[in-house]
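User: I should like to understand the terms used for contacts between chains and with a ligand. Please set each term against its definition.

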Amino acid sequence: MAIAIATQKTAALTGNEAAAQALRQINPDVVAAYPITPQTEIVQLFSTFVSDGLVKTEFVAVESEHSAMSATVGAAAAGARAMTATSSQGLALMWEMLYVAAGMRIPIVMPMVNRALSSPINIHCDHSDSMGARDSGWLQIYSENAQEMYDNLIQAVRIAEHPDVLLPVMVTMDGFIISHGMENVELLPDQAVQDFVGEYNFPYPLLDVEHPRTLGPLTLQDFYFEHKREQAEAVYRAKEVILAAAEEYAAISGRRYGFFEAYRMDDAEYAVVVLGSTAGTAKYVVDGLRQAGEKCGLVKVRVFRPFPGPELCEALSGLKAVGIMDRADTFSTQGGPLFLEVKAALYHAAGQPQCMNFVYGLGGRDIDPELIRQAFVEVKDLMKKPADGVLPIVRYLGVRE
Amino acid sequence: MALPDLAKKPQRFTGGHRACAGCGFPITIKIILQAAENPVVVGCATGCMEVTSTIYPYTAWRCSFIHTAFENAAATVSGIEAAYRSLRRQGKIQQDIDFIAFGGDGGTYDIGLQSLSGAMERGHKLVYVCYNNQGYMNTGIQRSSATPRGANTTTTPAGTQLPGKPQHPKDLTAIMAAHDIPYAAQASMSHWNDLYRKAKKAFAVDGPAFLNVLSTCRLGWATAPEDTVDAAEGAVQCNVWPLYEVEQGKWKLTFKPKKPLPVADWMKQQGRFKHLFRADNSQLLESIQQQVDENWQRLLERCGE
Ligand SMILES: Cc1ncc(C[n+]2csc(CCOP(=O)(O)OP(=O)(O)O)c2C)c(N)n1
Ligand code: SF4
Ligand SMILES: [Mg+2]
């Protein structure tokens, strides 16, 4: 059956407004959330939808993010589509419950507005918050702009709730840069979103009192490992589901997504890999360099969990050098989290391109075209160097040393 | 309700769980679940109750049950109750269901107090039950803010310089009553009829209800398994654990000992207070009695007695 692309409405929206619109259109049964800059606006806007009867949602104005995630887990386990949203310290406070949500296979979708972690306290963008949760069992999708935030949130519902997956999904956008920046966003009709997300169908709802079940039991040496193995398998299965959801979404929206976007990579000899809003600036830089005859390209990673290792390896194979840009550090002397993942994936790459890491933009430090150009120059230099294979090359970009 | 009738009601918490022989809380759970007329959904905090009743692949719960973590039973169940309200409003569910959150005193007085306060303040229609065994028993008998003054615990060990826990327990039931919830009560597993009646009231109110139920831990209190009920009874008879309720803001005693026993009589039954009967601790014993008397007087005033 051919699905017609829906007539979409263009609206000038901030990232937070786009996320709130996606939430309104998803129309969850329960939202339990707590305000934190720069996510606050999502909660506020959503509250007005509740007050004005635009959604059927029961809004629970909890007293903390720990309770936000606990109540969301409870609601989703009860048999209701449940969502929350957060940033930074809020995500950190949820940390315990992130693992619980994933381990219990609760399909929650959560907008996560990236902000630096204390200390020192800072309200601006970096990725240390979501990167801290990268091994929590949540799927993670990063957005370049407000449109992607909107599109990713809607797709995330299908991914999380797919019976082969049943895992929570965090959809991120860069705090302030995207959350508070206004752009044109194409919105699907409400009905198209409703049809796309379908009915929530958790297989073991607590409210099905005729079929009582015990969720969250004590599981010891005899079964815990099997439960974790199955959880790991669900993350593998998620890859196919993510691509299928993207296909279906392309059919109704005309916007197509993959694990990552390869920009001007066809004949590239060197490239930079980024996450989030920096990709927009980096594309502009690539265009300029290309005009000057440079054979360079860009890869923007969209899906960080599951990490598309083999696919990225293939995309980067044949390059001579790769620079990986991280808006977070691991404080391990081994570079940022994206670097570690990409480098591990490149172990199997044909010709093993040289690679280096740029940690940049912590606490919202501006990343401008000049800095990115500088990164490209360094990556190009790396092509000429013999493989040292000893220490990772980690540069801190745009910081006073 | 006569005891034989209560015994005939179906059990939603079965035997075969792995609580210690003589543990108090299974009695508490059974009486409360029997008081619920509707199907129930139970949320439970980490602690002895959870770890002894749900060892995978077995469960002692014949009703819907969820455990997520230690400090958040109230928040978890508030989410479940919100889901219920949402689905009921949408016509997706018709049935009446009761919601219960169980937490130990650690999960309620201490680490879970914020989550509990939030859920009560928001007005969810749920019954929160603190099964209070006066210590962190699951992790090996550490002090909580519900542990009686002078008790020997593994984090307030009775030594040569310190005679057990220095502080008197905090009055959580009064704190919950101060939330102006429709029903808050203090009960004991030893007084099953009183507990049953209070649980009935808790399920009946249209809003949050809180029950603080003294439930012996024979291991932590160091009592014989066959003395479990007596040990809880003693706490009531010496006014360490008065039975009362606060209904729509009105305080009412539900049991008054004919002649209150000395606190020392109750303490003597339990190994955790053994050191208090050394001559050098006699003053402490007196001071504990004094504090219990003062609290009792204050309660009588609140209850208009
Ligand atoms: C966040 C967190 N901190 C600590 C623990 C360890 N822990 C598990 S149960 C428990 C004590 C439980 O005490 P209580 O709530 O009184 O229940 P009881 O075991 O006495 O029935 C502790 C400290 C935990 N599971 N989670
Ligand atoms: S340690 Fe205490 S509370 Fe825990 S099961 Fe044993 S008797 Fe019950
Ligand atoms: Mg306890």
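Analyst: A salt bridge is a side-chain nitrogen of Lys or Arg within 4 Å of a carboxyl oxygen of Asp or Glu. The model is predicted: local features need pLDDT of at least 70, side-chain atom pairs count only at pLDDT 80 or more, and totals for chains, interfaces and linings use all residues. Residues are numbered from 1 along each chain as its sequence is written, chains are lettered from A and ligands numbered from 1 in the order in which they are written, and side-chain values use heavy atoms, with hydrogens and water left out.

User: Why is the meeting of B:Lys92 and A:Glu199 called a salt bridge?

Analyst: The N to O distance between the side chains of B:Lys92 and A:Glu199 is 3.8 Å. That value lies within the 4 Å limit, so the pair is a salt bridge. Between chain B and chain A the count is 4 salt bridges.

User: How is the size of the contact between chain B and chain A known?

Analyst: The size of an interface is often given as the accessible area lost when the parts come together. Buried area is that loss with a 1.4 Å probe, summed over both parts. For chain B and chain A it is about 3,100 Å², with carbon and sulfur atoms giving 60%. On the side of chain B, the residues that lose the most area to chain A are B:Tyr56, B:Ser64 and B:Arg122, together 17% of what that side buries. By contact (heavy atoms within 4.5 Å), 44 residues come from chain B and 43 residues from chain A.

User: What makes E9 of chain A and E2(B) a pair of strands?

Analyst: Strands are DSSP runs of at least two residues, numbered from the N terminus, and two of them pair if DSSP finds at least two bridges between them. Strand E9 (residues 214-215) of chain A and E2(B) have 2 bridges, in the parallel sense, and therefore meet the criterion. A:Thr214 stands opposite B:Phe65 in E2(B).

User: Why is the site of ligand 1 called shared between chains?

Analyst: A residue is near a molecule if one of its heavy atoms lies within 4 Å of it. There are 18 residues around ligand 1, with B:Gly106, B:Gly107, B:Tyr131, B:Gly135 and B:Asn138 the closest. The surrounding residues belong to chains A and B, so the site is shared.

Definitions and conventions: Buried area = accessible area lost by both parts, 1.4 Å probe. Helix = DSSP H or I, 4+ residues; strand = E, 2+ residues; numbered from the N terminus.
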